[in-house]
Amino acid sequence: GSAPQYVEDDDMLEGRTMGQFILLPDGKMLVINGGINGTAGYSQRTLVTPDFGDMPFGESLASGPVGQPALYDPSAPAGKRWSHDGLGSSNIARLYHSSAILLPSGAVLVAGSNPNVDVNTSTIFPTTYQAEIFYPPYFSAETRPVPSGVPQNISYGGDSFDITVPSSSYSGSANDAADNTTVVIMRPGFTTHAMNMGQRYMQLNNTYTVNQDGSLTLHVAQAPPNPNLFQPGPALLFVVVNGIPS
């Protein structure tokens with residue numbers, strides 16, 4: 001396909017309010033939802049428009065819903081880290097009280113929006129009950145990693161463990177695949193009011209062995225012995241090969 005089209009970093013989000021940042025297992029960040037104008041919240045009057053009849057968007061204090069998400073790649077050169085090339089758009093306004101969260105599949109659940117004092121299904125930006133799933137570009141891959149030997153628990157320090165990645169989990173050279181494999185633990189956190197909190201992303205150190213049958217054995221370190229970096233609790237573990245997560 002065509003090369004991704006990029007814009008300067010300070011232009012991609014110009015004017016966007018209430019965009020939600022979602023950490024993805026490939027190390028990129030998704031920004032989704034929000035509007036072009038206004039601010040978070042709702043009201044029946046403001047200092048500028050004291051009469052509700054003059055409120056241009058009902059009770060919503062924002063407008064111009066942004067339907068197309070964008071991706072931020074921190075490893076790309078400065079000025080070329082933002083892209084929305086090939087990303088679809090939604091026609092559902094996701095303004096105040098919207099939410100989005102990473103799923104174990106690597107997809108993102110998107111729901112909500114109610115910039116109103118109470119339930120209102122007939123105003124310009126109504127209470128929204130429809131949910132959507134956003135599939136990042138890595139879902140276009142024909143092959144996704146299917147690792148085995150993933151432990152049920154990660155400890156703070158301690159003995160390393162091995163994860164096996166079969167040759168059917170990647171395409172191309174085994175050495176190239178091994179060089180471009182990461183093991184990450186993630187916590188999706190929680191989401192409310194068009195805002196995400198408590199997200200965590202930690203890459204576990206690993207070395208590897210390329211086996212004669214093309215499988216990869218990843219020798220993976222436990223988490224660093226500091227629970228402040230990744231607090232105790234449930235987490236997702238992804239094996240990411242060539243940017244494609246398990």
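F21 has V31 as its bridge partner in strand 3. The model is predicted, and this pairing is a convenient place to enter it. Strand 2, residues 20-23, and strand 3, residues 29-32, run antiparallel and are joined by four bridges. The two strands form a hairpin with five residues between them. In the turn, G27 has a positive phi of about 90°.

Strand 3 also pairs with strand 6, residues 70-72, through three bridges, and these two strands run antiparallel as well. In this second pairing, M29 stands opposite Y72 of strand 6. Y72 belongs with F21 and W82 to one aromatic cluster. F21 therefore appears in two settings: as the bridge partner of V31, and as a member of a cluster whose rings meet the pairing criterion of centres within 6.5 Å.

Just before strand 2 comes the loop that follows helix 1 (9-12), and M18 lies in this loop. M18 has a positive phi of about 70° although it is not a glycine. Most residues other than glycine have a negative phi. M18 is buried, because its relative accessible area is 11% and the limit for that class is under 20%. A second residue of this kind is S113, with a positive phi of about 125° although it is not a glycine. S113 is placed in the loop between strand 9 (108-112) and strand 10. Its relative accessible area is 3%, so S113 is buried too.

Strand 10, residues 132-134, holds one end of the salt bridge in the model. How many salt bridges does the rule find? The count comes to one. It is formed by R94 and E132, with the closest N and O atoms 2.9 Å apart. Side chains of opposite charge can pair when their charged atoms come close. The two residues come from distant parts of the chain, 38 residues apart, with R94 in the loop between strand 7 (82-83) and strand 8 (98-102). R94 is buried, at 3% relative accessibility, whereas E132 is partly exposed, with a relative accessible area of 24%.

From strand 10 the account moves to the aromatic side chains of Y135 and F139. A search of the whole structure finds six aromatic pairs. In one of them, the rings of Y135 and F139 have centres 4.9 Å apart and planes at 70°, so the pair is edge-to-face. Planes over 60 degrees apart are what place a pair in that class. Both residues are partly exposed, Y135 with a relative accessible area of 48% and F139 at 27% relative accessibility. F139 has a further partner in R144, which lies over the face of its ring, at 4.6 Å from the ring centre.

The largest nonpolar core has 18 residues. Which of them touch the most other members? These are I163, V183, L204, L216, L218, V220 and V239. The elements that contribute two or more residues are strand 11 (161-165), helix 2 (174-179), strand 12 (181-187), strand 15 (200-204), strand 17 (216-220) and strand 18 (236-241). V183 shows how these elements meet: leaving aside its neighbours within four places in sequence, V183 is in contact with I163, M202, Q203, L204, N206, L218, V220, L237, F238 and V239. A second, separate core of 17 residues includes L30, L71, V110 and Y138. In soluble globular proteins, nonpolar side chains tend to be buried together.

G64, in strand 5 (residues 60-65), offers a view of contact away from those cores' named members. G64 touches G34, G35, I36, N37 and F125, not counting residues up to four places away in sequence. G64 and G34 are 30 residues apart in sequence, and their C-alpha atoms are 8.3 Å apart in space. With 22% relative accessibility, G64 counts as partly exposed, since buried requires under 20%.

At the level of the whole chain, the secondary structure comes to two helices and 19 strands. The C-alpha trace spans about 75 × 45 × 30 Å along its principal axes. Of the 246 residues, 38% count as buried. Among contacts with a separation of 6 or more, 61% are between residues 24 or more positions apart.

Notes:
Residues numbered from 1 in each chain as written. Predicted model: local features only at pLDDT ≥ 70, side-chain atom pairs only at ≥ 80, totals over all residues. Heavy atoms only, no water. Core = buried A, V, L, I, M, F, W, Y, C linked by side-chain atoms within 4.5 Å. Buried < 20%, exposed > 50% of the residue type's maximum accessible area, 1.4 Å probe, protein only. Contact = heavy atoms within 4.5 Å. Phe/Tyr/Trp six-rings, centres within 6.5 Å; stacked < 30°, edge-to-face > 60°. Lys NZ or Arg CZ within 6 Å of the ring centre and 35° of its normal. Pairing = 2+ DSSP bridges. Salt bridge = Lys/Arg side-chain N within 4 Å of Asp/Glu carboxyl O.
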